[in-house]
Every structure is written in C-alpha cells, then in structure tokens.
Amino acid sequence: MRTRGRAPTGGRADALSREVIVGAAVTLLDELGERGLTFRLLAKHLNTGPGALYWHVTNKDELVVLAADQVLGHAFAAAPRLEEDAGAELRALAVAVFDALDRHPWAASHVTAPATLANALRLLDRIGTLVARTGLPAERHFAVSTAISYYITGVSAQIIAPRTTVGATTSRDAFLTRTAERWEELDPADYPFLTRTTADLRDHDDRDQFTTGLDLLLAGLNTTAGPRPPA
C-alpha cells in the first residue's frame, strides 16, 4: 500500500510535480485519447519511472480528472474580464470553457457539476460573483448560478463528449448523416419536428448550438434581474 510522506524506493518524486505530470497527461490525452493513456507511456514521456508518478497521482482515473480540471483552469484564466458588463462576461466565460473542451474533447465528460476540484470551484465561484452583480435578488443567486454552471459543463459534455466514442469508428459528419437518414425514415405524423429538421441536424454547428441555448439562458437572467447594485 502506498502512503504519502516518503518517496517510493527508486522513484524520482523530487524531480516531478503533480502539475508537470498532469500537463504531460493533457498532451498525451490530446494525442491518444483516454484509452491510449497509460502510466507506463506517461512515465516514458517524462523520462521517469511509474513509481514516481504514483507518488503524486493515485491512479489513472484521478489523473484524467485532474487533467480535465487543468483544461478548465486554462479556459478560466483566458476568459476576458469585463467589469462593466456582468452578462457579457458570463457569456465570454461560458464560450471560453466550451472552446477549451472542444479542443480537448476527452475532458468534456470529466468537468460536470457539482464542482469539487480547484478550477471547477473557481469557475462556479466566478459565475456566482457575476450573477450577484446583475442585480438578481440574493435568494436566487445559488439556484441561478448553479443552473448556469450546469448548463456550461453539462451541455458542453453532451455536445462534445460523444465525439470521443463516435470518432473512434466514424467521422462526425458520417454519424450525423446516418442519424439524419434514420430521422427521415420516421413517420411525419408521429415525428413532425424531427422529420422536417434533418438538414439542420446534418449541417448544424456545435458551437452555435451551445451559444443559442446560452443566450436564451442569459436573456432570462436579464429579464429577472433588477438594476445593477451600486459599486
């Protein structure tokens, strides 16, 4: 059983840090996907032994979650701060997270709420801080902030994460075409909406789909918030 407090025999725990290990894992996950990442391969990439990695990270599951949280942290850091417009900053923050997960699709399913890791907590706290600046009554801050957080992480995961499965066997375009063909075979009397939107399914843009829902959510926030509180 491994215990923290002493470096493993023969390991190089002093030559590594968790941040370095997680950053290398992000690189390999981008290249090989979650299935392709192994501690042996990561150790080779870092020119160390697997024992040194286990000193910092318990197992692969923990490593992937930490890597996803690092992706989230980079997105959070890159999002612009718009001190004069809380709604615009909320939108920019949400889009920055979506774009980051779009670049690292393996991470999408590992950043869903509730927030527990460092950057997920920072994201939720920033969302809540911005919601409070909109003038929304204080008793609604938690419900609205978590709803926005769940939308950002959950909808991103629903849109992006399937690519990691579909992409292993077929392209996104081929998958959407095949699904659209199945919709076309449905009875229009039973499925009037689906049968008339097959072209939209084939041609839709994932980012536009995300921002469409986001804008509806933020528009609802604007209608329920009162005047901005004084600085």
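# Exercises on a predicted all-helix listing

In this predicted model, pLDDT stays under 50 over residues 1–14. For that stretch the model has 24 contacts beyond four places in sequence.

## Exercise 1: Confidence and make-up

Task: Find what average pLDDT the protein has, and how many helices and strands it contains.

Solution.
- Step 1. Start with confidence. The average pLDDT is 88, and 88% of the residues score at least 70.
- Step 2. Count the elements. There are twelve helices and zero strands.
- Step 3. Read them in order. The pattern along the sequence is α-α-α-α-α-α-α-α-α-α-α-α.
- Step 4. Add burial. Of the 231 residues in the protein, 39% are buried.
- Step 5. Look at contact range. Take the contacts between residues at least 6 apart in sequence: 73% of them join residues at least 24 apart.

## Exercise 2: H1 against H4

Task: Decide whether helices H1 and H4 are roughly parallel or roughly perpendicular.

Solution.
- Step 1. Locate the helices. H1 covers residues 18–36, and H4 covers residues 60–78.
- Step 2. Take the geometry. Their axes come within 9 Å and cross at roughly 95 degrees.
- Step 3. Apply the cut-off. Angles from 65 to 115 degrees count as roughly perpendicular, so H1 and H4 are roughly perpendicular to each other.
- Step 4. List the contact. H1 contributes residues including Glu19, Val22, Gly23, Val26 and Leu29, while H4 contributes residues including Leu63, Leu66, Ala67, Gln70 and Val71.
- Step 5. Sort by class. The contact has ten nonpolar, two polar and six charged residues.

## Exercise 3: Gln70 in H4

Task: Determine whether Gln70 is buried or exposed.

Solution.
- Step 1. Place the residue. Gln70 sits in helix H4.
- Step 2. Take its relative accessible area, which is 16%.
- Step 3. Compare with the cut-off. Buried means under 20%, so Gln70 is buried.
- Step 4. Find its partners. Outside its neighbours within four places in sequence, Gln70 is in contact with Glu19, Val22, Gly23, Val26 and Asn119.
- Step 5. Link back to the helix pair. Glu19, Val22, Gly23 and Val26 belong to H1's side of the contact with H4.

## Exercise 4: H6 against H7

Task: Work out which angle class describes H6 and H7.

Solution.
- Step 1. Take the geometry. Helix H6 (residues 118–133) packs against helix H7 (residues 141–160) at about 130 degrees, with axes 9 Å apart.
- Step 2. Classify. That angle makes H6 oblique to H7.
- Step 3. Add the hand. The crossing of H6 past H7 is right-handed.
- Step 4. Name the contact. Among the residues are Leu123, Leu124, Ile127 and Val131 of H6, and Val144, Ile148 and Ile152 of H7.
- Step 5. Sort by class. The contact of H6 with H7 holds eight nonpolar, six polar and no charged residues.

## Exercise 5: Two exposed residues

Task: Find where Asn47 and Thr223 lie, and what the phi of Asn47 is.

Solution.
- Step 1. Place Asn47. It lies in the loop between helix H2 (39–45) and helix H3 (50–56).
- Step 2. Check exposure. Asn47 has 64% relative accessibility and counts as exposed.
- Step 3. Read the backbone. Phi of Asn47 is near 60 degrees, a positive value in a residue other than glycine. Most residues other than glycine have a negative phi.
- Step 4. Place Thr223. Helix H12 (residues 206–224) holds Thr223.
- Step 5. Check exposure again. Thr223 has a relative accessible area of 67% and is exposed.
- Step 6. Compare sequence with space. Thr223 and Leu136 are 87 residues apart in sequence, and their C-alpha atoms are 9.6 Å apart.

Conventions: Residues numbered from 1 in each chain as written. Predicted model: local features only at pLDDT ≥ 70, side-chain atom pairs only at ≥ 80, totals over all residues. Heavy atoms only, no water. pLDDT = per-residue confidence, 0-100. Contact = heavy atoms within 4.5 Å. Helix = DSSP H or I, 4+ residues; strand = E, 2+ residues; numbered from the N terminus. Buried < 20%, exposed > 50% of the residue type's maximum accessible area, 1.4 Å probe, protein only. Axes fitted to C-alpha atoms, helices over the stretch in contact; angles between N-to-C directions. Parallel < 35°, antiparallel > 145°, perpendicular 65-115°, else oblique. Left-handed = near helix turned anticlockwise from the far one by under 90°. Nonpolar A, V, L, I, M, F, W, Y, C, P; charged D, E, K, R; others polar.
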